[in-house]
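Me: Got a minute to go through this one with me? I'd like to get a feel for the fold and the metal site.

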Amino acid sequence: MKLARLAALLVFPLAATAAPALAAEKPRLIVAISVDQFSADLFAQYRQHFDGGLQRLSEGMVFPNGYQGHNATETCPGHSTILTGSRPARTGIIANNWFNLGLPREDKGVYCSEDPRVPGSSSKGGQYTVSSYHLRVPALGDHMKRANPASRVAVVSGKDRAAIMMGGYRPDERWWWDHDAKAFVNPGAPATPRSVASANDGVRDALSRARSARDLPRLCEPHSRAVPVGGGGGPVGTGRFARDADDRNGFRASPDFDRATLDLGEALRREMKLGEGPATDLLILGLSATDYVGHTFGTQGSEMCIQLMALDEALGGFFRTLDATGIDYLVMLTADHGGHDIPERHREHAAGDAMRVDAALNPGNMAKSLAARLRLSGDVLYGDGAFGDMYIDRKLTVAQRARVLREAVATYRRHPQVAAVFTRAELAAAPGPSGPPDTWSLIQRARASFDAERSGDFVVLLKPRVTPIADTSRGYTATHGSPWDYDRRVPILFWRKGAVPFEQSLAVETADILPTLAATIGVAIPAGTIDGRCLDLDEGPGTTCR
Ligand code: ZN
C-alpha cells in the first residue's frame, strides 16, 4: 500500500492528493473500543512493550494527547463523549450519579443510565432499569442508521453505562455485564442471540472454578512489591489474579473479564455477520477490567502491568480473527477517562504531597457540620462524594438555602484540599470552553460538565494529587474523576489496513471521534449539533473531513 501510494505520488501528485486512500472506500465495519481508565500516562508507559493489538494500534493513526476535557472525569460522562461528538454539557451526562431533589420517589439519587420513571426503581445497583433516557444526543450508531437503515449496530460491554452511552438510542444488539446475574444481560432484548447464551455458559463455568495465579511477565517483576494502603485496606502491588471459585469481584478486576467481553464481541459479530452487509456496520466494545484493576490495586503494581499485557494479547487475537475474515475494518480505541496511582505509592517518588481526602469534605459530614453551625435540621446537603456536584436540601426555606450556600461554599473554599468551588450561577454565566483542551481554565472544565437542569447548586474541585477515597476497607484504593490531566488525558488511536501511519501530538478531544468516524463513512452530522471537530486521518488538511 505504501509503495502504491508512493508511485501514485510520483506519477500523479495532484491526483494522489485529491483521492486519499482512506476516504476512497468506506470501511465495511467500524470497531469502536473503550478501555475504561486507560490513561495517556499508562499508554506512554507501556507503549514500547506492547506486541499484540495495542502495538498494532500504537503504530496506526495516533493521537496520544486525547482529552476528556471536562471536570467530572467519570465513566458515564466519559463514555457519553466518545461516540456522540459532544461534551457532557451537551450529552447531559454530568456524572455517574447526580441528584434530582424533585424526583417523585424516595431515593433522590439518579444513576446516569437508568430510567427513574420506572415505578419502584431506585438509583442503586440491581434496582434500576437500564436505559438511554438521560442521554440528550444521538450516538454514531443512530447517525449511521439515519443515513442508511441497513447499518447494524452491536454493543458488548463490561458496564451498562458504557453500553448505553456508546450505543446510543437504537442499537440492534446491546449486552452488558450484570454483576448480580453474573452474566451479560439485556432484560429488554426480544431474544438472546446464540453467541450471548454460549458466552454466558462459558463465564458461568469459569466462575465456578478457582483460578491459579497468572505468570508474572519479566517486564512486570520490578512492579511486584507490596505497598501498604492507608484508610483500612490491605496492601496492594503483588497480585497475580488468583481467585477462589465464585469470586465474581476477582473475575471482574482481572484480564479474564476483558477476554470474555472480546470473545462475546467476536462471536456476536460472526453471528450477525457484521461487516458483511450492504452498509457499514458498527461493533462497540466496552472493556472495563482496566478500571476495576486500577480502582482495586492502583496503576503501578504487578496487577496493572499484567492486566495491560494481557489486554494487548487479547486484542491481538481479536484483530487476527477479524483479519482472517477479509473484512475491511476501521478500529478506534480510546478511554472514558484517565487515572492515577494510590497516594501511598505516589509518595515514594517526588509526589510527597499525594494524599487521601479529608473525610470532613464528604457531603454527609459537611451537612452535619453546617446544620450545627446554622442551627438547621434535615439533610441540608446532598452529594455523591467529596468532590463534584453538591445539592442543597429543597425542604429548607429560600432564605435558609441561601445561608447554606454561602456557608458551604466558604467552608469548602477554605479547605486546604480544595482547588476551586463554582456556584451554578457562576457556571451558567461562564462561556463554554474554546481552544485546545489542554489550555482550558478550571471554570471552563467545569462548564463542560454543566447541565442547567441536572447540575448541583455548586461544584467542588479538589486539588491535584488528592485521592477522594478516605476509606479503603471496601476494596477501592485509587480512582479518577478530577479536572487534572492525569484523569483527562487518554490516547485516541485509529487503525485500518493500508492506512498511512502518523502521530499527531497536539491536544484533541474525544468529542472529535464522532465527526471523524462519520466522515470516513460519508455520514453527515447536522451542523451545530456537536462540539467535536473532524480529525484528518489522511495526509493533508480537509482530506478525510470533507
Ligand atoms: Zn471509567
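**Helix, strands and zinc**

Reply: Sure, let's start with helix 12, residues 255-272: its 18 residues reach 26 Å from the first C-alpha to the last, close to the 26 Å expected at 1.5 Å a residue. Keep in mind that this is a predicted model.

Me: How many residues of helix 12 are buried?

Reply: 14 of the 18 are buried, so helix 12 is largely enclosed by the rest of the structure.

Me: And what follows helix 12?

Reply: Lys273 does, and its phi is positive, near 55°.

Me: OK, on to the metal. Which residues coordinate the zinc ion?

Reply: Asp36 (OD), Thr75 (OG1), Asp336 (OD) and His337 (NE2), at 1.9 to 2.1 Å.

Me: How are those donor residues spaced in sequence?

Reply: The pattern is D-x38-T-x260-D-H. The pair Asp36 and His337 links distant parts of the chain, 301 residues apart. Asp36 belongs to the loop between strand 1 (29-35) and helix 4 (40-46), while His337 belongs to the loop between strand 9 (329-334) and helix 15 (343-346).

Me: Are Asp36 and His337 buried or exposed?

Reply: Asp36 is buried, at 1% relative accessible area, and His337 is buried too, at 0%.

Me: Why is the zinc site called irregular?

Reply: The angles among the four donor atoms run from 93 to 136°. Four donors count as tetrahedral if all angles lie between 85 and 135 degrees, so an angle of 136° puts this site outside that range. For reference, the ideal for four tetrahedral donors is 109.5 degrees.

Me: Good. Switching to strands: what does strand 5 pair with?

Reply: Strand 5 (residues 153-157) pairs with strand 8 (residues 281-287) in the parallel sense over five bridges. Strand 5 also runs parallel to strand 6 (residues 173-178), joined by four bridges.

Me: Which residues are bridge partners there?

Reply: Val153 partners Leu282 in strand 8, and Ser157 partners Trp176 in strand 6.

Me: Which residues of strand 5 sit on each side?

Reply: Val153, Val155 and Ser157 are on one side, with Ala154 and Val156 on the other, and all are buried, so both faces are covered. In general, side chains in a regular strand alternate between the two faces of the sheet.

Me: What about the antiparallel sheet, what's its strand order?

Reply: That's an open sheet of four strands, in the order 11-12-14-13. Strand 11 (381-383) and strand 13 (418-423) are at the edges, each with a single partner strand, so one side of each has no neighbour in the sheet. On average, neighbouring strands are turned by 25° against each other, ignoring direction.

Me: How many bridges between strand 13 and strand 14?

Reply: Five, with strand 14 covering residues 458-462. One of the bridge pairs is Phe422 with Val459 in strand 14.

Me: Which helices pack on that sheet?

Reply: Helix 16 (residues 363-374) touches strand 11 and strand 12 (388-392), with its direction at about 170° to that of strand 11. Helix 17 (residues 398-414) touches strand 11, strand 12, strand 13 and strand 14, and makes about 160° with strand 13.

Me: Last one: where is Thr467, and what is Thr467 in contact with?

Reply: Thr467 is in strand 15 (residues 466-467) and is buried, at 1% relative accessible area. Leaving aside neighbours within four places in sequence, Thr467's contacts include His340, Asp341, Met355, Arg356 and Thr477.

Definitions and conventions
Residues are numbered from 1 along each chain as its sequence is written. This is a predicted model: local features need pLDDT of at least 70, side-chain atom pairs count only at pLDDT 80 or more; totals for chains, interfaces and linings use all residues. Side-chain values use heavy atoms; hydrogens and water are left out. Donors are N, O and S atoms within 2.8 Å of the metal (3.2 Å for Na, K and Ca); water is not among the atoms, so sites may look incomplete. Four donors count as tetrahedral if all angles lie between 85 and 135 degrees; four count as square planar and six as octahedral if opposite donors are over 155 degrees apart and all others between 65 and 115; anything else is irregular. Helices (H or I, at least four residues) and strands (E, at least two) are DSSP runs, numbered from the N terminus. Buried means under 20% relative accessible area, exposed over 50%, partly exposed in between (1.4 Å probe, protein chains only). Two strands pair if DSSP finds at least two bridges between them. Axes are lines fitted to C-alpha atoms, for helices over the stretch in contact, and angles run from 0 to 180 degrees between N-to-C directions. Contact means heavy atoms within 4.5 Å. The expected span of a helix is 1.5 Å times one less than its number of residues.
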